[in-house]
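Work through the exercises below with the sequence and the model side by side. Try each task before reading its solution.

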Amino acid sequence: MESFAAFSLMLSIFRLKATDYAWQAIVVMVIMSAQSYVLREELALAVVVPIISILLYIFLITTVVKVPILWSSIITITGFSIYGVIQSLILKGIFHDVPTIQFQGSAQGALLQAITSATVLLLSWVLYKFGIGFMADFEKLRFKWEHFIVSGLIVFSLIAVTIMLYYNDVWLNIVFFALASGMFLYYAFKKEEEI
């Protein structure tokens, strides 16, 4: 549910309908869940799970939704960052006294995921229903030198997500995800104006 909620948010921000790609997305999300379980529980590599998930989302959006890879990266990181802000705010708002380490594999963690997923699915529905978000003709957008900057920002974001999740500080997560989503939303807004 959490994976599909994040996917829905990613696409809805850019006025794409997630349900058009539901079956393909569910297959990839089953793979994501399996790799997440193995990395977290069997190999104790929980810190790399978000990076691999981001890469799988990029792959999904590039291959199934047919969006160029650079835009798939922007869509994924923007949606992932906003999802992170929402989940961190829910964590602080509802579970403010609970140490974040207690959420791994617990009923509280499942409740946090369920509340976040429901909130994000509702937000995604509202965004798509009312046409709120960015409209871009992905094929017409041709990057010159700026794709190097965006590519660098994407790599930086992936590294920063790994470091932040390693430190497991909720306020740091809120600040970083808000800044990252703001940066990519600003970029998307500028590209939308150029159309």
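The exercises go from the whole chain to one pair of helices and then to single residues. The model is predicted.

**Exercise 1. The chain as a whole**

Task: State how many helices and strands the protein chain has, and what share of its residues is buried.

Solution:
- Step 1. Count the elements: the protein chain has seven helices and zero strands.
- Step 2. Write them in sequence order, which gives the pattern α-α-α-α-α-α-α.
- Step 3. Turn to burial: of the 195 residues in the protein chain, 46% are buried.
- Step 4. Look at the surface: about 10500 Å² is accessible, and carbon and sulfur atoms hold 69% of that area.
- Step 5. Take the contacts with a separation of 6 or more: 74% of them join residues 24 or more positions apart.

**Exercise 2. Helices H1 and H5**

Task: Decide how the axes of H1 and H5 are oriented to each other, roughly parallel or roughly antiparallel.

Solution:
- Step 1. Locate the two helices: H1 covers residues 2-13 and H5 covers residues 107-129.
- Step 2. Read the geometry: their axes come within 8 Å and cross at roughly 25°.
- Step 3. Apply the cut-off: angles under 35 degrees count as roughly parallel, so H1 is roughly parallel to H5.
- Step 4. Give the handedness: the crossing of H1 and H5 is left-handed.
- Step 5. List the residues that make the contact: H1 supplies Glu2, Phe4, Ala5, Ala6, Ser8, Leu9, Ser12 and Ile13, while H5 supplies Gln113, Ser117, Val120, Leu121, Leu123, Ser124, Leu127 and Tyr128.
- Step 6. Sort these residues by type: 10 are nonpolar, five are polar and one is charged.

**Exercise 3. Ser3**

Task: Is Ser3 buried or exposed?

Solution:
- Step 1. Place the residue: Ser3 lies in helix H1.
- Step 2. Compare its area with the cut-off: buried means under 20% relative accessible area, and Ser3 has 18%, so Ser3 is buried.
- Step 3. Find its contacts: apart from neighbours within four places in sequence, Ser3 touches Met29 and Tyr57.

**Exercise 4. Ala110**

Task: Classify the exposure of Ala110, and give its distance from Glu2 in sequence and in space.

Solution:
- Step 1. Place the residue: Ala110 belongs to helix H5.
- Step 2. Use the cut-offs: exposed means over 50% and buried under 20%, with partly exposed in between. Ala110 has a relative accessible area of 43%, so Ala110 is partly exposed.
- Step 3. Give both distances: Ala110 and Glu2 are 108 residues apart in sequence, and their C-alpha atoms are 9.9 Å apart in space.

Notes:
Residues are numbered from 1 along each chain as its sequence is written. This is a predicted model: local features need pLDDT of at least 70, side-chain atom pairs count only at pLDDT 80 or more; totals for chains, interfaces and linings use all residues. Side-chain values use heavy atoms; hydrogens and water are left out. Axes are lines fitted to C-alpha atoms, for helices over the stretch in contact, and angles run from 0 to 180 degrees between N-to-C directions. Helices (H or I, at least four residues) and strands (E, at least two) are DSSP runs, numbered from the N terminus. Angles under 35 degrees count as roughly parallel, over 145 as roughly antiparallel, 65 to 115 as roughly perpendicular and the rest as oblique. A crossing is left-handed if the near helix is turned anticlockwise from the far one by less than a right angle, and right-handed if clockwise. Contact means heavy atoms within 4.5 Å. Ala, Val, Leu, Ile, Met, Phe, Trp, Tyr, Cys and Pro count as nonpolar, Asp, Glu, Lys and Arg as charged, and the others, Gly among them, as polar. Buried means under 20% relative accessible area, exposed over 50%, partly exposed in between (1.4 Å probe, protein chains only). Accessible areas come from the Shrake-Rupley method with a 1.4 Å probe; for residues, only the protein chains shown count as cover.
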